[in-house]
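Visitor: Please choose one part of this model and take me through it closely, setting it first against the whole and then following its neighbours as far as they lead.

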Amino acid sequence: MARRRDALTRPRVIAAATAVADRDGLTALTMRSLASELGVAPMAVYHHVPNKEAILDGVVDAVFSEITLPDVGGDWRTEMRMRAASAREVLRRHPWAVGLLESRAAPGPATLTHHDTVIAAFRAAGFSVRQTAHAMAVIDSFVYGFAVQEASLPFDDSESLDEVADGILDAETAERFPHLTELATVYVLEPGYSFGDEFDLGLDLILDGLDRLPRAAG
């Protein structure tokens with residue numbers, strides 16, 4: 001049964017848009033599919049979002065609102081580790097959002113709050129403005145890139161990993177690509193391997209490098 005138009009609100013519209021993107025992908029998100037998700041006529045949606053760009057602005061802001069903010073004045077490494085881990089988990093729920101997060105020309109309040117708080121946390125830790133810009137760029141590039149790679153892997157558990165490996169690793173492969181075979185058999189195919197574990201190592205390397213930057217007192 002269609003919902004009454006006057007029951008619609010912008011948050012409901014954005015939540016429905018996020019649900020469509022989560023289920024069917026970003027390309028499936030249109031005014032018509034959004035109206036169908038809400039159970040209303042397409043024209044009813046236009047009372048709350050004027051166009052597709054406004055929908056994208058809204059869903060990006062909704063995604064940013066899910067990422068845990070760092071505590072300004074807390075231990076910066078702890079806070080940035082927490083924030084990076086939270087961003088990764090959010091992007092696992094919304095993999096379509098990776099390429100959108102930094103793309104909006106009209107960022108919403110959650111987006112602006114997120115960035116302002118991250119900047120404040122770095123500045124409180126003694127990072128200069130330039131160092132803060134460097135730190136945000138390198139951490140976000142790592143988190144977003146890792147999210148893309150993680151979502152693109154042809155396996156999601158040890159069983160499917162074994163199936164992929166069986167299709168790649170054979171006697172001919174081992175002879176032609178010995179180092180690839182060694183990495184797979186000695187490390188990747190060992191019990192307990194998870195690609196996600198590489199996230200913590202990579203983030204540690206970045207935080208270690210940032211920690212060596214000369215800084216003023218917080």
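Guide: In this predicted model, 40% of the 218 residues of the protein count as buried. The protein has 11 helices and 0 strands, so that the order of elements from the N terminus reads α-α-α-α-α-α-α-α-α-α-α. Among the contacts between residues at least 6 apart in sequence, 72% join residues at least 24 apart.

The part to look at closely is helix H11, which covers residues 197-211. Its 15 residues should span 21 Å at 1.5 Å a residue, and because its end C-alpha atoms lie 22 Å apart, the length agrees with that expectation. The residues of H11 that are buried are Phe199, Gly202, Leu203, Ile206, Leu207 and Leu210. Viewed down the axis of H11, these buried residues fall within an arc of 135°, and therefore they line one face of the helix. The background to such a pattern is that an α-helix has 3.6 residues a turn, so residues three or four places apart point the same way.

What does this buried set of H11 pack against? The partners are helix H5, residues 76-93, and helix H7, residues 129-152.

Those two partners lead on to another feature, since H5 and H7 are the elements that give two or more residues to the lining of the largest cavity. A search of the whole structure finds 1 cavity of 30 Å³ or more, and the volume of the largest cavity is about 50 Å³. Its lining is made up of Phe64, Ile67, Arg83, Ala84, Ala87, His114, Asp140, Val143 and Tyr144; by class, the lining residues divide into 6 nonpolar, 1 polar and 2 charged.

For a second example beside H11, consider helix H1, residues 10-24, which has 15 residues and reaches 21 Å from its first C-alpha to its last, close to the 21 Å expected at 1.5 Å a residue. In H1 the buried residues are Val13, Ile14, Ala16, Ala17, Thr18, Val20 and Ala21, and these pack against helix H2 (31-38), helix H3 (42-45) and helix H4 (52-66). After H1 comes Gly25, a residue with a positive phi near 95°.

To return to the chosen part, H11 is a helix whose buried residues line one face, as their arc of 135° shows, and those residues pack against H5 and H7.

Definitions and conventions:
Residues are numbered from 1 along each chain as its sequence is written. This is a predicted model: local features need pLDDT of at least 70, side-chain atom pairs count only at pLDDT 80 or more; totals for chains, interfaces and linings use all residues. Side-chain values use heavy atoms; hydrogens and water are left out. Helices (H or I, at least four residues) and strands (E, at least two) are DSSP runs, numbered from the N terminus. The expected span of a helix is 1.5 Å times one less than its number of residues. Buried means under 20% relative accessible area, exposed over 50%, partly exposed in between (1.4 Å probe, protein chains only). Contact means heavy atoms within 4.5 Å. The arc is that of the directions from the helix axis to the C-beta atoms. On a 1 Å grid over the protein atoms alone, a cavity is a set of points where a 1.4 Å probe fits but cannot get out, and a pocket is an open set with protein on both sides within 12 Å along at least five of seven lines; lining residues have an atom within 4 Å of a point. Grid points are joined across faces, edges and corners, and a volume is the space filled by probe spheres set on the points. Ala, Val, Leu, Ile, Met, Phe, Trp, Tyr, Cys and Pro count as nonpolar, Asp, Glu, Lys and Arg as charged, and the others, Gly among them, as polar.
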